[in-house]
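Reader: I should like to learn how to read a protein model, beginning with its strands. May we look at one together?

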2 protein chains.
Amino acid sequence: MSLLVTGSIAIDTVSTPYGVSEDCLGGSSVYFSMAASFFTPVRLLGVIGSDCPFDLAKVFAGRDVDLTGLEVRENSKTFRWKGTYSDNMDDRRTDCLELNVLAEAPPRVPDEYKDSKYVFLANTAPALQLQLLEQIEKGVFAAADTMNCWIENELDDLKQLLKKIDCLIINEDEARMLADEHNLIKAAQKILDTGPSVVIIKKGESGSITYNSDGESFILPAFPAAEVKDPTGAGDSFAGGLMGYLAQVCKTDSESLKTAIAYGTVAASFTIADFSLQGLTSIDKTDIDGRFETLRKLTHF
Amino acid sequence: MSLLVTGSIAIDTVSTPYGVSEDCLGGSSVYFSMAASFFTPVRLLGVIGSDCPFDLAKVFAGRDVDLTGLEVRENSKTFRWKGTYSDNMDDRRTDCLELNVLAEAPPRVPDEYKDSKYVFLANTAPALQLQLLEQIEKGVFAAADTMNCWIENELDDLKQLLKKIDCLIINEDEARMLADEHNLIKAAQKILDTGPSVVIIKKGESGSITYNSDGESFILPAFPAAEVKDPTGAGDSFAGGLMGYLAQVCKTDSESLKTAIAYGTVAASFTIADFSLQGLTSIDKTDIDGRFETLRKLTHF
């Protein structure tokens, strides 16, 4: 079923202990779309400047990614991020951030996208996420990501957003900050009380923990990675695999959600194995399914 | 089948955000025995001073814990530990450590214990662990714990020990330190290369990850705990549940080991819910089996 993602398209420069990837393609909507396209057609909504060196039609060639919602804005510059990961990849530092076109008006939702049943709002200002969501007919399942700066500075907007979405996908520290509660079980419950029926808490190399408003929970470790070359895009690939699977099966019950989280976990594990999108572009669905089965064997007893 | 544990018996004073538990019973062999006794008879080997205020026969009343190997040493003082946990329980500080009787000669292994088929050597100086292990006939499965100070200061002894045991149970940071490798998969492989056929890496609230010399691995999250009152003894309770189950079923194949790790995880989750041993003494086997099934539901997809 129709899956819409709205998020950034970036020119990234990433330094990790494995090397430097200069001016490579990145951005939340790009990682998301690439991961989700293994499962279902994707509608991408995003904006770039006329300086963007990447031909997204070429990037997504052979994948069912609709670029009707890709706006190329003349006289604007593409979003840029430059970051460095620590030796053990546990921390990253932003060296340079140029919002550029992301600081301008958001892209318009094309009419063809308005009936999207599954929607992912990648991390951006919650007022903007709300504004985008309101342009889309009420669908089946809307999920959003957020981050610490919005929790600190735009909490009222974020609370409005939480009332409108079905699922919040959030990092461990952000969940604690948003709920003002260190214990993650209690933090999740506090977040569920504010609107969404599902909260998925990402714990990096420790995987994820999911709670729903029926009192059910699900814990899944990350796929153990012998090589992590570049963690950039892991969270958006996770969301892409997850939402891609849900849209594919047109179901959001808790068993489907567990399977979706496992697929998201697998998608993220491929992303971090290489720089930029290479971890995802160098594989096919068989690789994803193979690792999905391995993850099952690794975790079941 | 016969399960022997050798480790400390302690008088603990523990401060956590939930309160202070003064001069309470603790020690690795005590937590281990209590957890393992839900599964199988346990033989405890340990030493206390004549000052010890606890009657261990009473503590273990109704449980099949053999205290033949408990030595009460006149004119010696019992091991004491005083520690404080941080607000979020992630860190703990040792306020005071009195080795007392633990700095003297180790207890003698009684003849009746020498045919023990399953052996757990709780954390202590590796030379001592070796000396104890050598007094026991070669059994089915010997596991040991260790810690950073032995890795730093007694590495040669520890390497000798690793050649003699089947399983090392170790914390995440200690595994990295022992292997001199940050990536846990590679660290585990390096440790396996030095002797044990199984290495179980404990990751606190993120659970555990296990590798064996056949290239198999198993990842299990911790049981999600809404209340953590006192994490003391979690690791030894984990080992107790794990070794207790293995000794009960008399099997050490990888499927049995997975089940054993799940039981260890459950045992630890009860320990941390209350101070000292109260989390384990207030439950019965039905509670353990119930939480075991819940853990399965929480992690399977």
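**Reading the sheet and its surroundings**

Author: Let us begin with one pair of strands in this predicted model. Strand 12 (residues 208–212) of chain B pairs with strand 13 of chain B through four bridges, in the antiparallel sense. Within that pairing, B:S208 has B:L220 in strand 13 of chain B as its bridge partner.

Reader: What holds such strands together in general, and in what order do the strands of this open sheet of chain B lie?

Author: Strands of a sheet pair through backbone hydrogen bonds, and the pairing is either parallel or antiparallel. Here nine strands of chain B form an open sheet in the order 5-4-1-8-9-10-11-12-13, with mixed pairing. Strand 5 (65–73) and strand 13 of chain B stand at the edges; each has a single partner strand, so one side of each lacks a neighbour in the sheet. On average, neighbouring strands of this sheet are turned by 15° against each other, direction ignored.

Reader: Which strands of the sheet does helix 7 of chain B touch?

Author: Helix 7 of chain B packs on the sheet and touches strand 10 (167–171), strand 11 (198–202) and strand 12 of chain B. The direction of the helix makes about 140° with that of strand 11 of chain B.

Reader: How should I read the two faces of a strand, and which residues lie on each side of strand 9 of chain B?

Author: In a regular strand the side chains alternate between the two faces of the sheet. In strand 9 of chain B, B:F141, B:A143 and B:D145 lie on one side, while B:A142 and B:A144 lie on the other, and all of them are buried. Five of the five residues of strand 9 (residues 141–145) of chain B are buried, so the strand is largely enclosed by the rest of the structure. Strand 8 (residues 118–121) of chain B runs parallel to strand 9 of chain B and is joined to it by four bridges. Across this pair, B:V119 stands opposite B:A142.

Reader: Let us turn to a single residue. Is A:G26 buried or exposed?

Author: A residue is called buried if 20 or more other C-beta atoms lie within 10 Å of its own. A:G26 has 27 C-beta neighbours inside 10 Å and therefore counts as buried. A:G26 belongs to strand 3 (residues 19–26) of chain A. Leaving aside residues up to four places away in sequence, A:G26 touches A:A10, A:D12, A:W81, A:T232, A:G233 and A:S276.

Reader: How much of chain A counts as buried, and why is chain A described as compact?

Author: Of the 301 residues of chain A, 50% count as buried. The secondary structure of chain A comprises 11 helices and 13 strands. Its radius of gyration is 18 Å, close to the 19 Å that the globule rule gives for 301 residues, so chain A is as compact as a globular protein of that length.

Reader: Finally, how are two copies of a chain compared, and what rotation superposes chain B on chain A?

Author: Two copies of a chain are related by a rotation about an axis and a shift along it. In this model, a rotation of 180° with 0.0 Å of shift along its axis superposes chain B on chain A, with an RMSD of 0.0 Å. That is the relation of a two-fold axis. The same surface serves both copies, since 100% of the contact residues of chain B recur in chain A.

Reader: How many residues of chain B are in contact with chain A?

Author: The contact involves 23 residues of chain B and 23 residues of chain A. Helix 7 (184–192), strand 13 (217–220), helix 9 (254–271) and helix 11 (285–299) of chain B each supply at least two residues of the side that touches chain A. The residues of that side of chain B divide into 10 nonpolar, nine polar and four charged.

Key. Residues numbered from 1 in each chain as written. Chains lettered and ligands numbered in written order. Predicted model: local features only at pLDDT ≥ 70, side-chain atom pairs only at ≥ 80, totals over all residues. Least-squares fit on C-alpha atoms with pLDDT ≥ 70 in both. Contact = placed C-beta atoms within 7 Å. Nonpolar A, V, L, I, M, F, W, Y, C, P; charged D, E, K, R; others polar. Rg over C-alpha atoms; globule rule 2.2 N^0.38 Å. Buried ≥ 20, exposed ≤ 12 C-beta atoms within 10 Å, placed from the backbone. Pairing = 2+ DSSP bridges. Axes fitted to C-alpha atoms, helices over the stretch in contact; angles between N-to-C directions.
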